[in-house]
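I opened a new page for this structure. My notes follow in the order I looked things up.

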Amino acid sequence: MTTFTPTSADEVLSAVQWAVGENAPLEILGHGSKRGIGRPPQTEHALDLSKLTGVTLYEPEELVLSAKAGTPLAEIGKLLAEHGQELAFEPMDFGPLLGGAAGRGTIGGALAANLSGPRRIKAGAARDHILGIHAVSGRGEAFKSGGRVVKNVTGYDLSKVMAGSWGTLAVATDVTFKVLPAAETETTLVLSGLFDDAAVAAMALVMGSSAEVSGAAHLPETVAARVGDGAFRSAATLLRIEGFGPSVDYRTRHLREAFGDTAGIDEISGDASKAIWRAMRDCVPFADGSQKPVWRVSMAPGEAHKAVMALRMEVAVEAFYDWAGGLAWLRMESDPEAELLRGLVKRFGGGHATLVRANVADRAAIPVFEPQPQALAALSKRLKEQFDPQNILNPGRMG
């Protein structure tokens, strides 16, 4: 097996051109934090971008940052924090869930997987913040799209096409993202002891209010015990309020009044609040070191708990809800139960389910990503034919 470790865009181009010439498929990876997602690699060679690192441009006043694709998100986050800024889409760190180390995800991987977090309802995902890319297609051709300023929309959609393509269309070498000011302060309100249906009603009330909540999640009792260093002794419904101090105080009071200042409402602020939402973002409750199947289910927030209830009538499953992220996270005991789960998702309003953790045999045997409708599958096929006609890049990863 040959592993290429380029340190420049030109070296990436040379490696892909070699692969095209030899008809030798490549596995594309950064630090491998998401390597366990998707079908197992069907390659003998790899293109490792972990040495293609470094921030190439950062203009805090213009809210723009460019970096080489292998640059760790942790490094970028630290730089942005020094200037009171952040990647507002809260890219998830899959490392702990998949049995790896935290902090090894890359900025290129964030785009390839179209990462997002609990702020998605307000801030969107990676595709909503990408401004431009430099990349190498599966034809062995270098191209660029977009620019370094928010106003420049030339080729903007082509940058977005790369979001969620999991390295199957092109290898990004340099990416440019919009960055935003970080919140001055944050507070999390915790409603204790609610059952799933009552929690959904409470979150719907809050999200429809003027409180501008930036995160809403519900942890059933067995899951809540694994978050916040054991701070939750019963089911916990979490509501995050971010912004300037006086505004956060006002909106917190507003929410308390909306709930009648219930005695069961607690407040968690500052670093403790941030830690809780990192745990939500990174699916920490299921980061147990096992290979028990874990699903990331995107569906209408008000219907997810109904699908889970129906699922529990058939199989053993644990779940929690990133309501504002539009997600339900599920952990099965053994069998992924793909057909059953996807049938229930369709029955309760539709959506898509991605198997983000499973053993190699299960990943090879079932569709890891939601099967696409016929029209969308045809479009995806045409895109693949245009960008990577020889199926050189991450062949088979998406099914």
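Over how many bridges do strand β11 and β14 pair, and in which sense, parallel or antiparallel? I found that β11 (residues 185-192) pairs with β14 over five bridges, in the antiparallel sense. For pairing I used this cut-off: DSSP must find at least two bridges between two strands. Strands and helices here are DSSP runs, numbered from the N terminus: E of at least two residues for a strand, H or I of at least four for a helix.

**Ground rules.** This is a predicted model, where local features need pLDDT of at least 70, side-chain atom pairs count only at pLDDT 80 or more, and totals for chains, interfaces and linings use all residues. Residues are numbered from 1 along each chain as its sequence is written, and side-chain values use heavy atoms, with hydrogens and water left out.

**Confidence.** I checked pLDDT, the predictor's confidence in each residue, on a scale from 0 to 100. The mean for the protein chain is 93, and 97% of its residues reach 70 or more. Over residues 150-156 pLDDT stays under 50. The model has 13 contacts for that stretch beyond four places in sequence; a contact means heavy atoms within 4.5 Å. Where pLDDT is low, the predicted coordinates should not be read in detail.

**The eight-strand sheet.** I went back to β11 and β14 and placed them in their sheet. Leucine 191 stands opposite isoleucine 265 in β14. The sheet is open, has eight strands and runs in the order β14-β11-β13-β12-β16-β17-β15-β18, with antiparallel pairing. Its edge strands are β14 (265-269) and β18 (351-357), each pairing on one side only. From one strand to the next, the twist averages 20°.

Next I looked at two helices that lie across strands of this sheet. Helix α10 (residues 301-312) crosses β15, β16 (317-322) and β17 (327-332), at about 175° to β16. Helix α11 (residues 338-347) lies across β15, β17 and β18, at about 15° to β15. For these angles, axes are lines fitted to C-alpha atoms, for helices over the stretch in contact, and the angles run from 0 to 180 degrees between N-to-C directions.

**Arginine 240.** I found arginine 240 in strand β13 (residues 236-243). Is arginine 240 buried or exposed? Arginine 240 counts as buried because its relative accessibility is 1%. The cut-offs are under 20% relative accessible area for buried, over 50% for exposed, and partly exposed in between, with a 1.4 Å probe and protein chains only. Leaving aside neighbours within four places in sequence, I listed its contacts, among them Glu90, Arg119, Glu186 and Trp277.

**The five-strand sheet.** A second lookup gave an open sheet of five strands, β4-β5-β9-β7-β8, with antiparallel pairing. The edge strands are β4 (55-59) and β8, and each pairs on one side only. Neighbouring strands are turned by 15° against each other on average, direction ignored. Seven bridges join β7 to β9. Glycine 132 has threonine 176 in β9 as its bridge partner.

**Helix α1.** Helix α1 (residues 9-22) has 14 residues. From first C-alpha to last it reaches 20 Å, close to the 20 Å expected at 1.5 Å a residue; that expected span is 1.5 Å times one less than the number of residues. Val12, Leu13, Ala15, Val16, Ala19 and Val20 are buried in α1. Seen down the axis, these buried residues fall within an arc of 165°, so they line one face of the helix. The arc is that of the directions from the helix axis to the C-beta atoms. Asp10, Gly21 and Glu22 are exposed, on the face turned away from the buried side. Among what covers the buried residues of α1 I noted β1 (2-4), β2 (26-29) and β3 (45-48).

**Positive phi.** Most residues other than glycine have a negative phi. I noted two with positive values. Asparagine 23, in the loop between α1 and β2, has phi near 50°. Asparagine 23 counts as partly exposed, at 48% relative accessibility. Cysteine 283 has phi near 55° and lies in the loop between α9 (270-281) and β15 (294-299). Cysteine 283 is buried, at 0% relative accessible area.

**Leucine 393.** My last lookup was in the segment after α13 (374-387), where leucine 393 has its place. Leucine 393 is buried, with a relative accessible area of 0%. Its C-alpha is 9.6 Å from that of valine 20, though the two are 373 residues apart along the chain. Not counting residues up to four places away in sequence, leucine 393 touches residues including Leu26, Ile28, Val136 and Lys384.
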